[in-house]
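Dear colleague,

Please find the structure below, handed over for your records. My account of the findings follows directly after it.

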Amino acid sequence: MESNLSGLVPAAGLVPALPPAVTLGLTAAYTTLYALLFFSVYAQLWLVLLYGHKRLSYQTVFLALCLLWAALRTTLFSFYFRDTSRANRLGPLPFWLLYCCPVCLQFFTLTLMNLYFAQVVFKAKAKRRPEMSRGLLAVRGAFVGASLLFLLVNVLCAVLSRRRRAQPWALLLVRVLVSDSLFVICALSLAACLCLVAREGRPQRPRVAPLTPDPYPLQQFLLCP
């Protein structure tokens with residue numbers, strides 16, 4: 001027996017969850033916030049160039065990811081002012097860019113933060129144990145592999161869903177299992193790195209030798225000039 005929700009609930013009886021005025025207000029608010037974030041990050045990138053800072057660094061890559069994320073979100077929400085139906089009927093590439101690419105950029109930002117704090121931890125430990133510097137290459141390779149896996153799963157799921165090559169529930173299950181698992185693992189590793197950085201940066205109390213009573217205090221006092 002085939003279940004059909006449209007038979008249970010007529011299309012004429014379906015109403016929007018929010019009034020149009022509220023939807024328009026939220027759309028304008030989100031678009032404004034994303035646009036402000038875009039111009040703020042854009043100004044920071046120009047300041048990096050103006051003051052002669054290193055062009056390729058963790059800071060500039062982080063700002064570039066934020067800039068691209070804000071630009072894609074601003075573009076997506078600007079569709080909802082007039083072309084809502086068009087935004088729901090995009091091709092595979094525009095659909096992936098506007099809906100899936102921002103999620104990938106968020107994961108890339110998370111892995112970038114992991115790489116930065118992992119480098120801080122390994123460099124601090126390499127001062128006492130030089131062999132720890134070799135583990136940093138393995139950590140970098142692991143995070144690069146996780147980023148490529150996340151990107152591959154999201155691209156395949158987006159293309160297959162737009163071309164109707166697989167069941168939507170199967171694609172959703174695969175995407176949720178892989179993406180959410182990688183997000184949780186990277187979040188836990190970032191928390192561990194932050195704890196290690198806080199532990200390494202904690203000032204250690206200097207060891208003070210125990211005070212022993214002087215057996216000849218009076219003689220030293222008399223012999224002093």
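In what follows, a residue is called buried when its relative accessible area is under 20%, exposed when it is over 50%, and partly exposed in between, with a 1.4 Å probe and protein chains only. This is a predicted model, in which local features need pLDDT of at least 70 and side-chain atom pairs count only at pLDDT 80 or more, while totals for chains, interfaces and linings use all residues. Residues are numbered from 1 along each chain as its sequence is written, and side-chain values use heavy atoms, with hydrogens and water left out.

Overall architecture

The protein has eight helices and zero strands; helices (H or I, at least four residues) and strands (E, at least two) are DSSP runs, numbered from the N terminus. Read from the N terminus, the order of elements is α-α-α-α-α-α-α-α. Of the 225 residues, 24% count as buried. The protein exposes about 16,600 Å², of which carbon and sulfur atoms supply 69%; accessible areas come from the Shrake-Rupley method with a 1.4 Å probe, and for residues only the protein chains shown count as cover. Among contacts with a separation of 6 or more, 72% are between residues 24 or more positions apart, where contact means heavy atoms within 4.5 Å.

Helix 2

Thr27 lies in helix 2 and is buried, at 8% relative accessibility. Apart from its neighbours within four places in sequence, Thr27 is in contact with Phe77, Tyr80 and Phe81. Leu36 is also placed in helix 2, which covers residues 20-50. Leu36, in contrast to Thr27, is exposed, since its relative accessible area is 54%. Together with Leu26, Tyr30 and Leu33, Leu36 makes a nonpolar surface patch of about 400 Å². Patches are made of residues with over 30% relative accessible area and no salt bridge; like charges are joined within 9 Å, and nonpolar side chains (Val, Leu, Ile, Met, Phe, Trp, Tyr) within 5 Å. A salt bridge, for this purpose, is a side-chain nitrogen of Lys or Arg within 4 Å of a carboxyl oxygen of Asp or Glu.

Helices 3 and 5

Helix 3 comprises residues 58-79 and includes Val61. Val61 is partly exposed, because its relative accessibility is 30%. Beyond four places in sequence, Val61 is in contact with Leu56 and Leu112. Its C-alpha atom is separated by 9.9 Å from that of Leu45, a residue 16 places away along the chain.

Leu65 belongs to helix 3 and counts as buried, at 14% relative accessibility. With neighbours within four places in sequence left aside, Leu65 is in contact with Leu105, Phe108, Thr109 and Leu112. Leu65 and Thr109 are 44 residues apart in sequence, yet their C-alpha atoms are 6.8 Å apart.

Leu105 is found in helix 5, which runs over residues 92-126. Leu105 is buried, because its relative accessibility is 5%. Not counting residues up to four places away in sequence, Leu105 touches Leu65, Leu68, Trp69 and Leu72. The C-alpha atoms of Leu105 and Leu151 are 9.3 Å apart, with their positions 46 residues apart in sequence.

Helices 6 and 7

Does the length of helix 6 agree or disagree with the expected span? The expected span of a helix is 1.5 Å times one less than its number of residues. For the 31 residues of helix 6 (residues 133-163) this comes to 45 Å, and the end C-alpha atoms are 46 Å apart, which agrees. The buried residues of helix 6 include Leu136, Val139, Phe143, Ala146 and Phe150.

Cys157 is another buried residue of helix 6, with a relative accessible area of 8%. Ala170, found in helix 7 (residues 168-201), is partly exposed at 25% relative accessible area. Ala170 and Cys157 are 13 residues apart in sequence and 9.5 Å apart from C-alpha to C-alpha.

Cysteines

A disulfide is taken as a pair of cysteine sulfur atoms within 2.5 Å, and by this rule the count comes to zero. Cys157 is in no disulfide, and the nearest cysteine sulfur, that of Cys100, is 8.3 Å away. Cys195 is likewise in no disulfide; there the nearest cysteine sulfur is that of Cys193, at 9.3 Å.

Yours sincerely
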